[in-house]
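Biologist: Before we start, could you show me the model, so that I can ask how its descriptions are reached?

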Amino acid sequence: MSIYLPIAEISINIFLLISLGGVIGFLSGMFGLGGGFLMTPMLIFIGIPTNVAVATSANQIVAASVSGTLGHWRQGLVDIKMGIILVSGGILGSFVGVSIFDYLSDIGQIDAVISVLYFVLLFSIGSLMLIESSQVIRDRIRKKTVKKKLHYHNWAHRLPFKTKFYTSKLYISVIPPIIIGFVIGILSGTMGIGGSFILIPAMIYFLGMPTSKVIGTSLFQIIFITAVVTLLHATTTFALDAVLAVILIISSVVGAQIGVITANKLRGEDLRALLAIIVLVVAAQIAAELFIQPDDLFNFSHMANYK
Amino acid sequence: MNFKSFSIIGLIYFSLISISSSLVIGSDENEILIDANFSGKDLLVFGAFYADPSQPREKKGDILIEVVGPKEDIVLRKKESFFGFWLNSESVRFKDVPSFYYLSSTSELKDSFFKENSIGLLETSQFPELNWSLITTDWGSVSSYDEKQEFFEALIRNKSYENVFKKTSDEIEILDGNLFKTNIPIPNTVPVGVYDVNLYLILNNEISKDYSYNFTVKRIGIENLIYNFANSFPLIYGFTSLIIALIIGWISADLFRRFRKA
């Protein structure tokens with residue numbers, strides 16, 4: 001049974017969309033990630049136009065991160081002050097991101113740029129995760145215990161405009177979180193992702209936030225960034241497909257809950273190794289499209305689609 | 001409908017007084033509706049033709065059916081390799097290109113026929129000047145004749161991949177010598193608007209009779225509502241999508257928390 005998507009202007013099998021949303025929701029619940037970095041390339045892969053895929057993914061991530069934030073909030077694991085500072089940088093970044101997206105659409109390079117960005121992103125994340133998780137698995141097999149440093153002191157502690165973050169037990173400058181938020185906002189606007197996989201390591205290593213507070217805070221900030229990105233795409237690129245969004249949202253939140261339950265039964269490092277392999281496979285798929293000569297060198301688009 | 005039935009009666013009447021040949025159309029589909037389940041449609045075109053009865057059956061003439069969709073503006077881009085990456089480079093803008101073009105005949109017609117009667121869009125390699133004059137083209141940085149030709153051919157090739165440009169000469173069924181019937185596949189990617197259907201009866205390489213009508217492709221129901229809403233009130237549309245996302249996210253978190261506690 002197929003369903004006609006009014007903005008994408010194509011009809012597509014509804015069960016394909018439901019299973020895509022379910023699987024990506026499952027993965028995001030299992031690994032604690034937003035899933036946008038898998039959702040956007042997969043939507044493009046099944047034939048959704050790039051602009052619709054980016055705009056609609058952002059909307060789907062809003063739902064996923066609201067659902068996730070509530071769980072962390074109830075346990076007091078969200079640093080609201082840090083979240084708001086990240087959001088203020090992020091909103092500026094998302095305006096820049098959507099403008100970049102609009103400009104690239106106009107000159108016809110949006111597909112290529114998105115592919116290159118996704119390839120770089122997925123390849124580096126996949127490799128890092130695979131290296132890290134295989135080391136942990138190796139240490140586990142050798143029965144080694146690794147000592148972790150508790151607190152990091154770096155340049156983030158020496159900048160002006162210092163302020164106290166009580167929830168995170170930090171006293172640092174507001175400049176690094178604004179910059180981090182800004183960069184995530186740009187990525188979110190151009191790629192339709194939440195950016196938690198960049199945000200989480202950045203908060204741990206650059207800001208020195210405690211790991212327990214990081215996931216909830218990053219989810220909290222992603223709600224706002226992806227909400228702004230959704231609105232900007234709805235009003236500037238007209239590419240937000242509400243029908244597609246609703247199907248993906250419902251299937252992904254159900255998938256995410258099943259993912260959370262499954263994750264509790266497996267070891268973290270095994271999960272990460274598994275995700276790393278999935279991410280690398282998607283990266284290889286994107287690379288093939290970029291580097292292998294296309295069957296037809298020509299491609300067309302409708303001008304009205306972008307304006 | 002009344003006007004159409006009237007015109008069909010008119011045609012039949014007309015065919016009685018002109019004994020040499022006639023063409024009557026029985027198709028009455030004048031709307032294709034895009035709803036949530038739309039996945040393309042076969043347009044049925046049928047009718048009767050009456051050619052010179054003194055001739056043997058295979059010489060009774062040919063039927064040619066042309067379907068032309070609403071005009072659209074297209075950017076055609078060519079990919080080139082930059083340090084191993086395949087990126088879009090040169091681009092050409094075509095204005096007023098038919099979004100859908102279908103040409104079907106009972107037998108293969110000569111190129112000269114299409115040229116003389118200014119019918120056809122798929123004959124560019126033989127007749128670069130044919131009908132392309134109707135299309136405004138912004139060539140950008142493309143200048144050489146060969147390169148322009150390459151872009152023309154690529155436009156038609158890419159449109160053919162999407163099944164929106166097609167030329168065929170073996171899809172019209174002839175029943176009982178005088179009745180014809182064909183199904184024209186309208187894919188789910190076609191835009192909304194008015195589509196012209198032109199039918200010709202061809203005798204001795206010349207148009208003997210012709211008949212034209214049109215049908216409209218339109219969105220209906222929720223598909224139409226969402227599309228119009230998204231384009232007329234983008235901000236409200238964006239907020240509505242957001243609120244739906246917030247509500248579903250909230251409900252799911254709550255629902256599953258209770259579910260796990262129970």
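Biologist: What is the bridge partner of Phe298(A) in β5(B)?

Modeller: In this predicted model, Phe298(A) has Lys78(B) as its bridge partner in β5(B). Here a strand is a DSSP run of E with at least two residues, a helix is a run of H or I with at least four, and both are numbered from the N terminus. Residues are numbered from 1 along each chain as its sequence is written, chains are lettered from A and ligands numbered from 1 in the order in which they are written, and, the model being predicted, local features need pLDDT of at least 70, side-chain atom pairs count only at pLDDT 80 or more, and totals for chains, interfaces and linings use all residues.

Biologist: How do you know that strand β5 (residues 298–302) of chain A and β5(B) pair?

Modeller: Two strands pair if DSSP finds at least two bridges between them; β5 of chain A and β5(B) have 5 bridges, in the antiparallel sense, and therefore they count as paired.

Biologist: What makes up the side of chain B that touches chain A?

Modeller: Contact requires that the C-beta atoms of two residues, placed from the backbone, lie within 7 Å, and by that test 47 residues of chain B are in contact with 48 residues of chain A. On the chain B side, at least two residues each come from β5 (71–82), β6 (85–98), α3 (145–161), α4 (221–232) and α5 (234–261), and the largest share, 16 residues, is supplied by α5(B). That side of chain B divides into 26 nonpolar, 13 polar and 8 charged residues, where Ala, Val, Leu, Ile, Met, Phe, Trp, Tyr, Cys and Pro count as nonpolar, Asp, Glu, Lys and Arg as charged, and the others, Gly among them, as polar.

Biologist: Why is Tyr171(A) called exposed?

Modeller: A residue is exposed if 12 or fewer other C-beta atoms lie within 10 Å of its own, buried if there are 20 or more, and partly exposed in between, with C-beta atoms placed from the backbone. Tyr171(A) has 11 within 10 Å, so it is exposed. This residue lies in strand β4 (residues 170–173) of chain A, and, leaving aside neighbours within four places in sequence, Tyr171(A) is in contact with Lys162(A) and Lys164(A).

Biologist: Why is chain A described as being as compact as a globular protein of that length?

Modeller: Chain A has 10 helices and 5 strands. The globule rule is 2.2 Å times the number of residues to the power 0.38, and the radius of gyration is taken over C-alpha atoms; for 307 residues the rule gives 19 Å, and the radius of gyration of chain A is 19 Å, so chain A is as compact as a globular protein of that length. Buried residues make up 52% of those 307 residues, and the C-alpha trace spans about 55 × 45 × 40 Å along its principal axes.

Biologist: What makes β2 (31–34) and β9 (165–168) of chain B edge strands?

Modeller: The open sheet of 6 strands in chain B has the order β2-β13-β12-β4-β7-β9, with mixed pairing. β2 and β9 each have a single partner strand, so one side of each is left without a neighbour in the sheet. For β2(B), 4 bridges link it in the parallel sense to strand β13 (residues 206–219) of chain B, and Glu31(B) stands opposite Thr216(B) in β13(B).
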